Amino acid sequence: NPKTLQEPLSVGSTSFGSTLLRKIICDENVEQTRKAVEAGMIERVVTNMQAQSQPSPETMQTGCRLLQALTRSKVSPDGGQRAANAGALEAVLAAMRLHESSDMQLCGCDILKSILCRDDAVGLAMKQRAATAGAIGFVALVLRSHLVPGRTSGRALTEACWALACLCAGSDDGGSFLSVST
């Protein structure tokens, strides 16, 4: 039975206690966060998110917040690629589908932005993978849901717009725009 993300995480011989996890999420210590990335924290968080048979909103929210902090470019320039390679695109979209809170949607869109805002061949492949997993439709749903009177969240709209822009920007070597089958 996998640990929830509220418990300390161990990656190899390194243990990350709840205090450090809070510091990573709150962006209090970039160097500690960088060390966590180097020790495999991104992969461990994704594995824990994927292993939950009936994930609680709190567990998935914690996982998404950790990924959000761990994939910031100032922490790890390759964090987005590491996250995508570990299955974070699918894990984050699943969390956003299961738990429709504004916080989860905001966090998920920010992670998509961190993973997908690159124009190289690897970035284009990640964008295609995200599109195949339904990211475009889901981000559009986030945009629509936050335009409802009384529920409008400027920050969620901004993050969703950035995620959509990062997802759709770029072209392959032939000069055509990224193809997405519906």
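Is Cys166 buried or exposed? I looked this up before anything else, and Cys166 counts as buried, at 4% relative accessibility. The model is predicted, and I read every value below with that in mind.

**Entry 1: the chain as a whole**

I listed the secondary structure and found ten helices and two strands in the protein chain. Read from the N terminus, the order is β-β-α-α-α-α-α-α-α-α-α-α. The chain has 182 residues, and 43% of them count as buried. I then took the contacts between residues at least 6 apart in sequence, and 73% of these join residues at least 24 apart.

**Entry 2: the disulfide**

I searched the whole structure for disulfides and got one. Its partners are Cys117 and Cys166, with sulfur atoms 1.5 Å apart. Cys117 sits in the loop between H7 and helix H8 (121-132), and Cys166 sits in helix H10 (residues 154-168), so the bond ties together parts that are 49 residues apart in sequence. A disulfide is a covalent bond between the sulfur atoms of two cysteines.

I compared the accessibility of the two partners. Cys117 counts as partly exposed, at 41% relative accessibility. Cys166, as noted at the start, counts as buried at 4%.

**Entry 3: two cysteines outside the disulfide**

I checked Cys107 next. Cys107 is in no disulfide, and the nearest cysteine sulfur belongs to Cys64, 5.0 Å away. The cut-off for a disulfide is a sulfur pair within 2.5 Å. Cys107 counts as buried because its relative accessibility is 3%, and the limit for buried is under 20%.

Cys109 is also in no disulfide; for this residue the nearest cysteine sulfur is that of Cys161, at 9.1 Å. Cys109 has a relative accessible area of 0%, so I noted Cys109 as buried.

**Entry 4: H4 against H7**

How far apart are the axes of H4 and helix H7? I read off 9 Å, with a packing angle of about 30° between H4 and H7 (residues 102-116). Angles under 35 degrees count as roughly parallel, and H4 and H7 are therefore roughly parallel to each other. The crossing of H4 past H7 is left-handed.

I wrote down the residues that meet. On the H4 side they are Pro57, Met60, Gln61, Cys64, Arg65, Leu67 and Gln68, and on the H7 side Asp103, Met104, Cys107, Asp110 and Ile111. Sorted by class, this contact holds seven nonpolar, two polar and three charged residues. Cys64 and Cys107 both appear in the list.

I looked at one of these residues, Gln68, in detail. Gln68 belongs to helix H4 (residues 57-70). Leaving out residues up to four places away in sequence, Gln68 touches Cys107, Asp110 and Ile111. Gln68 counts as buried because its relative accessibility is 11%.

**Entry 5: H7 against H9**

I went on to the contact of H7 with helix H9 (residues 135-145). Their axes come within 11 Å and cross at roughly 140°. That angle makes H7 oblique to H9; the cut-off for roughly antiparallel is over 145 degrees. H7 passes H9 in a left-handed crossing.

Which residues of H7 meet H9? I found Gln105, Cys109 and Leu112, which meet Val139, Val142 and Ser145 in H9. By class, four of the residues in this contact are nonpolar, two are polar and none is charged. Cys109, one of the H7 residues here, is the buried cysteine at 0% from Entry 3.

**Entry 6: two C-alpha pairs**

I looked up Ser56, which is in the loop between helix H3 (41-51) and H4. Ser56 counts as partly exposed, at 25% relative accessibility. Its C-alpha atom and that of Leu98 are separated by 9.1 Å, and the two residues are 42 residues apart along the chain.

My second pair was Ala131 and Leu89. Ala131 is part of helix H8 and is buried, with a relative accessible area of 11%. The C-alpha atoms of Ala131 and Leu89 are 9.9 Å from each other, across 42 residues of chain.

Note on methods:
Residues are numbered from 1 along each chain as its sequence is written. This is a predicted model: local features need pLDDT of at least 70, side-chain atom pairs count only at pLDDT 80 or more; totals for chains, interfaces and linings use all residues. Side-chain values use heavy atoms; hydrogens and water are left out. Helices (H or I, at least four residues) and strands (E, at least two) are DSSP runs, numbered from the N terminus. Buried means under 20% relative accessible area, exposed over 50%, partly exposed in between (1.4 Å probe, protein chains only). Contact means heavy atoms within 4.5 Å. Axes are lines fitted to C-alpha atoms, for helices over the stretch in contact, and angles run from 0 to 180 degrees between N-to-C directions. Angles under 35 degrees count as roughly parallel, over 145 as roughly antiparallel, 65 to 115 as roughly perpendicular and the rest as oblique. A crossing is left-handed if the near helix is turned anticlockwise from the far one by less than a right angle, and right-handed if clockwise. Ala, Val, Leu, Ile, Met, Phe, Trp, Tyr, Cys and Pro count as nonpolar, Asp, Glu, Lys and Arg as charged, and the others, Gly among them, as polar.
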